Amino acid sequence: MTVLQERYREVSDRIGKLVLQAGRKPHSVSLIAVSKTFPSDGIREVYAAGQRDFGENYIQEWYGKTEELADLPDIVWHVIGDVQSNKTKFVAERAHWVHTVCRLKTARRLSEQRPSSMPPLQVCIEVNIGGEAVKHGVAPEEAVALAVEVAKLPNIVVRGLMCVAKANSSETELKTQFQTMQKLLADLNAAGVKADVLSMGMSDDMPAAIECGATHVRIGSAIFGKRGRLECVQ
């Protein structure tokens, strides 16, 4: 077993333990291995250990990976970065999930450009849960209304909500933010959108996220190691 595979198993085991500690059903939380900035060879190693869901932030970088890993037919690509207008076509044609929809215009382009031969694109509405100017996402009070409009589009299915917790939050602050996401998901269902996904929680705040109902956690460095570069061209 390689170092990456060992880390992947450790993260998977930790998620399983946190799920049980939270009194939730086994396997109720899915791991998205965030592979941004890491090479395709590393993804292959983790894939070989059993992981199938991988998250990418940078569309141009991800484009190369989809070419290099085209022989892995059951790999599932999650776009977890901002989708610029000039990148929607590629995302619509190759992504399985987009976690970062926060504009109706973007959703419309993804819907229009999704090939009819593919299943609907699964999307989450990104919520700026901490109200941070430096982060993308719709304000919490606007999330349900946006999701209802996006859900009307063809070739797209709204699966739920996504957030990145405010940096340097205390444990109490984290739980408040994640509990707000839980309430928003309930409000979304009450509005008629059958949604079941809360994409929230990373390495540092994963315990609180799982306790508060996360269904998908996004883990990168704990599996792949420290990133060698901080930025990448979109």
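Which residues is H99 in contact with, leaving aside its neighbours within four places in sequence? Let us start there and work through this predicted model in a few exercises.

**Exercise 1. Describe the surroundings of H99 and of its polar partner.**

Solution.

Step 1. Place the residue. H99 is found in strand β4.

Step 2. Check its exposure. With a relative accessible area of 0%, H99 is under the 20% limit, so this histidine counts as buried.

Step 3. List the neighbours. Leaving aside residues within four places in sequence, H99 is in contact with I32, H78, V79, I80, C124, I125, E126, M162 and S199.

Step 4. Pick out the polar partner. The side chain of H99 makes a polar contact of 2.9 Å with the side chain of S199.

Step 5. Now look from the other side. S199 is found in strand β7, residues 197–199, and is buried too, with a relative accessible area of 0%. Apart from residues up to four places away in sequence, S199 touches H99, L161, M162, C163, H216 and R218. The polar contact therefore joins two residues that are each buried, one in β4 and the other in β7.

**Exercise 2. Find out where W97 sits and which nonpolar core includes this residue.**

Solution.

Step 1. Begin with the main core for background. The largest nonpolar core has 68 residues, and V98 and V150 are those with the most contacts inside it. Beyond its neighbours within four places in sequence, V150 is in contact with V101, L104, A107, V123, I125, I156 and V158.

Step 2. Turn to the other core. A second, separate core of five residues includes W97, C124, M162 and V197.

Step 3. Think about the general pattern. In soluble globular proteins, nonpolar side chains tend to be buried together.

Step 4. Check W97 itself. W97 is found in strand β4, residues 97–101, and its relative accessible area of 7% makes it buried.

Step 5. Follow its contacts. W97 touches V76, W77, H78, V79, L121, Q122, C124, R159, V197 and H216, with residues up to four places away in sequence not counted. C124 and V197 appear in this list, and both are among the members of the second core.

Step 6. Compare sequence and space for one pair. W97 and C124 are 27 residues apart in sequence, and their C-alpha atoms are 8.0 Å apart.

**Exercise 3. Two residues other than glycine, H27 and N168, have positive phi values; say where each lies and whether it is buried or exposed.**

Solution.

Step 1. Take H27. Its phi is near 65°, and H27 is found in the loop between α1 (3–21) and β1 (30–34). At 80% relative accessibility H27 is over the 50% limit, so it counts as exposed.

Step 2. Take N168. Its phi is near 60°, and N168 lies in the loop between β6 (156–163) and α7 (171–190). At 81% relative accessibility, N168 counts as exposed.

Step 3. Put the two together. H27 and N168 each lie in a loop, and each counts as exposed.

**Exercise 4. Which element gives the most to the lining of the second largest pocket?**

Solution.

Step 1. Note the volume, which is about 330 Å³ for the second largest pocket.

Step 2. Look at the lining. There are 17 lining residues, and S12, I15, H27, V29 and L31 lie nearest the centre. H27 is thus familiar from the loop between α1 and β1.

Step 3. Assign the elements. Those giving two or more residues to the lining are α1 and β1. α1 gives the most, with seven residues.

**Exercise 5. Locate the annotated residue K36 and the annotated domain.**

Solution.

Step 1. Read the record. An unreviewed UniProt entry places the feature "modified residue: N6-(pyridoxal phosphate)lysine" at K36.

Step 2. Find K36 in the model. K36 is in the loop between β1 and α2 (40–48). Its relative accessible area of 17% is under 20%, so K36 counts as buried.

Step 3. Add the domain. The UniProt annotation "domain: Alanine racemase N-terminal", also from an unreviewed entry, covers residues 30–226.

Step 4. Describe that span. It is 39% helix and 20% strand, and its end C-alpha atoms lie 22 Å apart.

Note on methods. Residues numbered from 1 in each chain as written. Predicted model: local features only at pLDDT ≥ 70, side-chain atom pairs only at ≥ 80, totals over all residues. Heavy atoms only, no water. Core = buried A, V, L, I, M, F, W, Y, C linked by side-chain atoms within 4.5 Å. Buried < 20%, exposed > 50% of the residue type's maximum accessible area, 1.4 Å probe, protein only. Contact = heavy atoms within 4.5 Å. Helix = DSSP H or I, 4+ residues; strand = E, 2+ residues; numbered from the N terminus. UniProt positions renumbered as here; feature names shortened; annotations may be inferred. Polar contact = N/O pair within 3.5 Å; in protein donor to acceptor, adjacent residues only side chain to side chain. 1 Å grid on protein atoms, 1.4 Å probe; cavity = no way out; pocket = protein on both sides within 12 Å on 5 of 7 lines; lining within 4 Å. Points joined across faces, edges and corners; volume = space filled by probe spheres on them.
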